[in-house]
Amino acid sequence: MNIRLRAITVALSIAISIAFISCSNDSILVDTIFANSGTYTEYVDQTPIELATFRLDSVQTSGRGTVWIGHHKKKVIGDVYSQSYVRLEVEGKATAVPHNQTYEPTPYLFDSYDWAQKEKYDSVTIVLYHTGAYQGDTTKAMTINVKRLAQPLKFAENEKTFYNVRTFRDSTSIGSFRFVPRPHSRPRLRYRLDDSFGRELVSFIKANKANKTDVRDQNFEHFLGGIKLESGDDAKSLLAFANDSVRIMLHSHITDVDKIKITRKLVVSDFTKQFQFNSIWTENEDSPYDCINHRSEQVNEKDGGQHSVMFEGLGYYTRINFPTIRTIADHSYFSHIVRANLVLYPERNGYDKHNFPQYFYVASVNKGNVSPTIDQGHAVLKTVTTSHGTPSIAKLHNNLTDPNDVYYTIDITNYLNTVIASGNIDVNEGLVLSWSGVINSADYNFMIFNGRTKNKYYSYLELYYYNYDRENK
Amino acid sequence: MNYTTTTMTGKTNKILSLLFIILIGNVAFAQNSTVSPYSMYGIGLLTHREHATSAGLGHASIALAPKDYINIGNPAAINNLDSTTFYFNIQLSGLRTRLKADYERASLVSGNIDGITMGCRVTKWWGLAIGYAPYSSVGYNYREKRYIYGSNSQYIIKQTGSGGMQHAFLNNAISFFNKHLSLGASVGAMWGSFNRKETALFSDALDGENIYNLKKYTCNNLYLEYGLQFHFNIGENNFRFGGVYNNKRKLLSSYDHIVSNDFSAQLFFDDETPFEEEFHVPTSYGAGFTYTRKKFLFTVDYKYNEWGKIKNSKFNEPVTFRDNWKCGGGIQFSAGKDGDPFYKRIQYRIGYYMSPSYMLVHRHEINEQAVTLGMTVPMGRFSNSFIIAYEYLKRGQENFGLIEEKSHNIKVAFNIREGWFKKHKFD
């Protein structure tokens, strides 16, 4: 190859490198409107929403792990009462301890139904443990009445759970005690019950000494169907107790060579734990929410003092209505919602606990406050999800300079776009707030939200529309 | 025995094979001929449809009538070709552009095929050429900050575009008065498609969905251009005048429009929708002059485009059209003559070009001016040649929120001449 062709080959290689091999994807950032292509994004924060309060006619309060007892006067709601039902069973072995060897293991364990010939009845007591949770004034003494249920505490037919509206009225008192709560400093409560109940219990044990275990259990179920724990009229607070800590202790002794103390326990087992439930109700004729009798009834914010209420223990839920959903859909004909945030302001003094919860969930409901997905008749609602398929969670935002400027934001972009894309626009559909992923949980949570009609710190919906252009045809 | 041949040499075969591979490779990995953000308007930036020789002469071509390559800048310019030779030309272009906007800088590289031409003299008075060249090019990639109306928040828009208009033509030229006057016409088809994609990046600004707004435009129509050249000699001095004209033509256009997001295939879809009064080719007329004396050549062009009669129907774009002109010229010289060693026969060129732009962006001019250099290197015994042209171009401005471009553009061309029509003679 002569020098000319070599030179040309080199030049050609350079040209090919420039033209075909080198390629850069570097892009420049322009600070001002350069293209002005006709597409734009707009922020709309005046989209009306309407808060409302509805009430589920019954809320699952069984199997929640907490025994709520007492009375508390709540803002907006009024007087709230709670009583709890607990089912017990006889623990398999009685504990026999020589009175001078309190902390030593004993060789004298025997069946709880083995009532010895020389055994003497001493007393019967009830034990409760505070969880530390409470509502109201715990400096005031309160009375707890313990009642014996005559009928067994069982699930109703075709019913999985007990609800907050259910009560058992044919009960008799087996004791009461009055105390000052102090839930943090004195978590354990132990009080003596009536001896008449204790002696009746001894008679039952003696009578069933020779029976087989299943017969004993069946007989005990009818002897003591359960107990009801309720507060007296002096209660100024609601107290929470761990449900598996509730027990009745039967104390006796044998005097032989040495004195041996014997304790039999009626306990909440893993089996009976599921039967425990709380019955919670309210009494306040002045409350706008007192008139709600069915889940399809609701109190709009304008009738509820510009508020909505969320109180899962009573079945009160805050519902968000979108009265202008058709306008939103019409606006979306040449646009797409790229972000839709529900901004909800809780009333600053409308939450009992010190700090607002960090998050809660949102679910969709129809006109009758029934979810599109119903789980065997129960109020299991369909949780709203984000575009990524994860549950939409309300996130708490704090303003350090303004303590009133505390609000939650919930991403409902996917919900609105799905409703609009379906073409099935129904103004009667809305959203409901829930503290947990399951809408019908019944923790004793209470919160008041400011409605859209308030002058300041009101809840609203903010929308970001991406408006795309179309060519002239 | 006086002996000539029409057989291709082995070297020529190799070069043609290489060019073929390049062509195939280019089709497979096609890139854009521009990286200019200004190509997002209209049908993109108009390319200089010219031979690489003219690229070294300030893009002047109207009054050139070369013997050794096909000048497509004027349909009347092919009557000076050798009657015994078939001409083939392929051109490639590459560029490196530096963009400046406010405090941002970006450097971009691209390249593409710049044209393929072939032709010959059919008779003593009739020349013919066919070819292909890009007519316009769309190629941009930049990001833009925009405010969300009703708030103080900003988000990023990513603008990308690609494609362009292509032009295939058949040039015919007829000469009169002993070749002193030549008239030519170019009949061609213009077609092409280009994509404009706007990606709204909401994932950062709003923790929301990104939106992809893609428009694909398809345009086509016939394209006619007319030209003439007239020349005379005074002693060893040759004077040549040329003119070109094409009339306004509307392009038949349609577009596909797809709007999608990260989670949905399409939020909006509009398929093959025709639309009116969108893209046009303006009426253009130009004149050129060339002076030649031995191996020295001076040429200059002036071309006027009536863009002002075309309304930009995309009312939301910040662009208005106006009439514009292009003026460029240059000189060419060579130390040697036919028969000298090849290094003496190398031709050198230098030129200058300027043009106020036909579009005003936000009412501001996007002018361009360039300095050009060029060189033709003879190859082999059969007058084949390799042409390279370099251009340093400045377009736009950094002020008023606009973008300034400074480009290093290179064109390379391969002229292959084969004496297909030569006859063997035996004494």
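In this predicted model, buried residues account for 40% of the 473 residues of chain A. The chain's secondary structure amounts to five helices and 28 strands. Among contacts in chain A with a separation of 6 or more, 81% join residues that lie 24 or more positions apart. Two of the helices, α2 and α5, are described here through their buried residues and the elements these pack against.

Helix α2 of chain A, residues 195–207, has 13 residues. From its first C-alpha to its last, α2(A) reaches 18 Å, close to the 18 Å expected at 1.5 Å a residue. Its buried residues are A:Gly198, A:Leu201 and A:Ile205. Seen down the helix axis, the buried residues of α2(A) fall within an arc of 60 degrees, so they line one face of the helix. The face turned away from this buried side carries the exposed residues A:Ser196 and A:Arg199.

Helix α5 of chain A covers residues 413–422, and its buried residues include A:Tyr415, A:Leu416 and A:Ile420. A:Thr413, A:Asn414 and A:Asn417 are also among the buried residues of this helix. Just after α5(A), A:Gly423 adopts a positive phi of about 75 degrees.

The packing partners of the buried residues in each helix are set out below.

| Helix (chain A) | Elements of chain A packed against |
|---|---|
| α2 (residues 195–207) | β9 (residues 119–136), β15 (residues 247–255) |
| α5 (residues 413–422) | α4 (residues 325–331), β21 (residues 335–344), β22 (residues 359–365), β25 (residues 407–411) |

The buried residues of α2(A) thus pack against strands β9 and β15, whereas those of α5(A) pack against helix α4 together with strands β21, β22 and β25.

Notes
Residues are numbered from 1 along each chain as its sequence is written. Chains are lettered from A and ligands numbered from 1 in the order in which they are written. This is a predicted model: local features need pLDDT of at least 70, side-chain atom pairs count only at pLDDT 80 or more; totals for chains, interfaces and linings use all residues. A residue is buried if 20 or more other C-beta atoms lie within 10 Å of its own, exposed if 12 or fewer, and partly exposed in between; C-beta atoms are placed from the backbone. Helices (H or I, at least four residues) and strands (E, at least two) are DSSP runs, numbered from the N terminus. Two residues are in contact if their C-beta atoms, placed from the backbone, lie within 7 Å. The expected span of a helix is 1.5 Å times one less than its number of residues. The arc is that of the directions from the helix axis to the C-beta atoms.
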